[in-house]
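Fresh page, coffee at hand. I am jotting down what I look up as I go, so that a colleague can follow along.

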Amino acid sequence: MAVVSVIGQDSVGIVADVTRVLADSSANIEGMNQAIVTGYFALILTIDISSMKIPLDRLQELMNGIAEKKNLKIYIQHENIFRSMNRI
């Protein structure tokens, strides 16, 4: 599993662009939460990466292309990061 975070000004097609790349990469969306507050967009996805056709760093590169085009910040973090942070 991994977590994808998308933050920035709202615009048409953000969810479509992000989910298209995930589908093309064979990542499966397990959970989705989004909010729009005074023109700002936030999306958090949990994705199953076990059947992905590409490595996680390549997925981040593809998301960076969307982020640049749409003026967003997109971060992908493997679930191991969250487990390590909460193990204290």
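These entries go through the sheet, the two helices on it and the salt bridges.

**Ground rules**

I am working with a predicted model, in which local features need pLDDT of at least 70 and side-chain atom pairs count only at pLDDT 80 or more, while totals for chains, interfaces and linings use all residues. Residues are numbered from 1 along each chain as its sequence is written, and side-chain values use heavy atoms, with hydrogens and water left out.

**Entry 1: the sheet**

I began with the strands (DSSP runs of E, at least two residues, numbered from the N terminus). In what order do the 4 strands of the sheet come? I read 2-3-1-4, in an open sheet with antiparallel pairing. Strands count as paired here if DSSP finds at least two bridges between them. The edges are taken by strand 2 (28–37) and strand 4, each with a single partner strand, so one side of each has no neighbour in the sheet. On average, neighbouring strands are turned by 10 degrees against each other, direction ignored. For such angles, axes are lines fitted to C-alpha atoms, for helices over the stretch in contact, and the values run from 0 to 180 degrees between N-to-C directions.

Next I checked one pairing. Strand 1 (residues 2–9) meets strand 3 in the antiparallel sense over 8 bridges. I noted one residue pair: I7 has A42 in strand 3 as its bridge partner.

Then I looked at what lies on the sheet. Helix 1 packs on it and touches strand 1, strand 2, strand 3 and strand 4, with a direction about 20 degrees from that of strand 3. Helix 2 also packs on the sheet, touching strand 1, strand 3 and strand 4, and its direction makes about 165 degrees with that of strand 4. Contact means heavy atoms within 4.5 Å, and helices are DSSP runs of H or I with at least four residues.

**Entry 2: helix 2 up close**

I measured nothing by hand; the computed span is enough. Helix 2 (residues 56–70) has 15 residues and reaches 21 Å from its first C-alpha to its last, close to the 21 Å expected at 1.5 Å a residue. The expected span is 1.5 Å times one less than the number of residues.

Which residues of helix 2 are buried? My list has L59, Q60, M63, I66, A67 and K70. They sit on the same side of helix 2, because they cover an arc of only 115 degrees around the axis. That arc is taken over the directions from the helix axis to the C-beta atoms. I use buried for under 20% relative accessible area, exposed for over 50% and partly exposed for in between (1.4 Å probe, protein chains only).

The buried residues pack against helix 1 (14–24), strand 3 (40–48) and strand 4 (72–78). On the face turned away from them I found the exposed residues D57, E68 and K69. Just after helix 2, N71 takes a positive phi of about 60 degrees.

I stopped at K70, as a lysine on the buried list seemed worth a second look. K70 counts as buried at 19% relative accessibility. Leaving aside neighbours within four places in sequence, K70 is in contact with S11, V12, G13, I14 and D17.

**Entry 3: salt bridges**

How many salt bridges does the structure hold? There are 4, each a side-chain nitrogen of Lys or Arg within 4 Å of a carboxyl oxygen of Asp or Glu.

D17 came up twice. With R20, the closest N and O atoms are 3.2 Å apart, and the two residues are 3 apart in helix 1, about one helical turn. D17 is buried at 11% relative accessible area, whereas R20 is partly exposed at 46%. D17 also forms a salt bridge with K69, here at 3.6 Å between the closest N and O atoms. D17 lies in helix 1 and K69 in helix 2, so this pair ties together parts 52 residues apart in sequence. K69 counts as exposed, at 62% relative accessibility.

Within helix 2, R58 bridges to E61 at 3.1 Å between the closest N and O atoms. These two are 3 residues apart, about one helical turn. R58 is partly exposed at 36% relative accessible area, and E61 is partly exposed at 47%. Salt bridges that share partners join D17, R20, K69 and K70 into one network.
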